[in-house]
Amino acid sequence: MSWTKKHLLDIESLAAEEIVTVLDTARGFKAVGQRAIKKVPALRGKTVVNLFVEPSTRTRISFELAEQRLSADVINFSAEASSFKKGETLKDTALNLQALNADFIVIRHSASGAPHFLSRVLGAHVINAGDGAHEHPTQALLDAFTIRERKGTIEGLNVTILGDILYSRVARSNIWALTKLGARLTLCGPSTLVPKVFEQMGCRVTHDVNDAISAADIIHLLRIQHERQRKAMFPSIGEYAQLFGLNKARLAQTKPGALIMHPGPINRGVEIDSQIADGERSVILEQVTNGLAVRMAVLFLLNGGKGPLEGMTND
Ligand code: CP
């Protein structure tokens, strides 16, 4: 199946077949990344602007490397050193980037809907690299890729997402992606951060951590997103760690093959004990590795590339 979408704004609007096409294409790009020469000419002559108006380590670096591996010309836009500081709007900033003939805008913004807004005012392809508490589509795609690679399939798996669901764009994108691919989702955390309304997205909601993790094939942990919370949602970080953190005793209650995932950044000793983050069940750094292949696949498909890679030669 080839992709017909111009932008990647969210997972909600993707069909399961489109998600699978990204995952299959990413598998080819992961193989390209294991060659001696890792660069291919798929985006030669194209200009990509990374417009990050909110902090990022993994997503920004991963997109930048993906674009370089595809031979694109890459511009990294830093909000701190830009005319945002002088009051220029997002729309005017983006129109200036378009006036320089940017072909792709990769945007991270604290406002939900910022990528959708740009997609309406620009001719360039727009990729959402995380918008407020709304969605983080490439994170969900790399998570799905990692699960499928490790477990062989996603359909029928029990996936638990544990932590601050309410303020998490990663949770929303993962819920959309994994339910479309046939997983059974359980959400867990303090009742203030995991309201029952999430049942409307086809998830089971529980506030009992042992109930949430005992039958899980995948335990996906989330940090507390203090930057988006407008009031205290639970008494203290210490209490959160005690009641919901994944520690050695809780890990012993899980299935032996259950994988531990986290989108990062991790807060060691809060949602996850350090030994578990670095332990053999953790695939946290594999997620980062896979993110590169997934982002190459997304850029390739949005540029009109067809299906799983075959015969893609080096530059
Ligand atoms: N997972 C994730 O989005 O990490 P960054 O905020 O570092 O990009």
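In this predicted model, a polar side-chain atom of R58 is placed 2.9 Å from an oxygen atom of the ligand, and that contact is a convenient point from which to begin reading the binding site. The side chain of T59 also takes part, with one of its N or O atoms lying 2.6 Å from an oxygen atom of the ligand. P263 contributes through its backbone instead, where an N or O atom is found 2.8 Å from a nitrogen atom of the ligand. Taken alone, the ligand would expose 260 Å², and the protein buries 92% of that area.

Turning to the whole shell, the residues that surround the ligand are S56, T57, R58, T59, R108, H136, Q139, P263 and G264. Sorted by class, this shell comprises 6 polar residues, 2 charged residues and 1 nonpolar residue. The space that the ligand takes up is the largest pocket.

The location of the ligand can then be set against the division of the protein chain, which consists of domain 1, covering 16–134 + 289–308, and domain 2, covering 137–288. Why does the ligand lie between domain 1 and domain 2? Both domains give residues to the shell around the ligand, and it therefore lies between them.

The two domains also meet each other directly, since 28 residues of domain 1 are in contact with 26 residues of domain 2, while the C-alpha centres of domain 1 and domain 2 are 26 Å apart.

Methods: Residues are numbered from 1 along each chain as its sequence is written. This is a predicted model: local features need pLDDT of at least 70, side-chain atom pairs count only at pLDDT 80 or more; totals for chains, interfaces and linings use all residues. Side-chain values use heavy atoms; hydrogens and water are left out. A residue is near a molecule or strand if one of its heavy atoms lies within 4 Å of it. A polar contact is a pair of N or O atoms within 3.5 Å; within protein, one must be able to donate a hydrogen and the other to accept it, and residues adjacent in sequence count only if both atoms are side-chain atoms. Accessible areas come from the Shrake-Rupley method with a 1.4 Å probe; for residues, only the protein chains shown count as cover. On a 1 Å grid over the protein atoms alone, a cavity is a set of points where a 1.4 Å probe fits but cannot get out, and a pocket is an open set with protein on both sides within 12 Å along at least five of seven lines; lining residues have an atom within 4 Å of a point. A molecule sits in a cavity or pocket if more than half of its atoms lie within 2 Å of its grid points. Ala, Val, Leu, Ile, Met, Phe, Trp, Tyr, Cys and Pro count as nonpolar, Asp, Glu, Lys and Arg as charged, and the others, Gly among them, as polar. Domain bounds come from an automatic or database domain assignment. Contact means heavy atoms within 4.5 Å.
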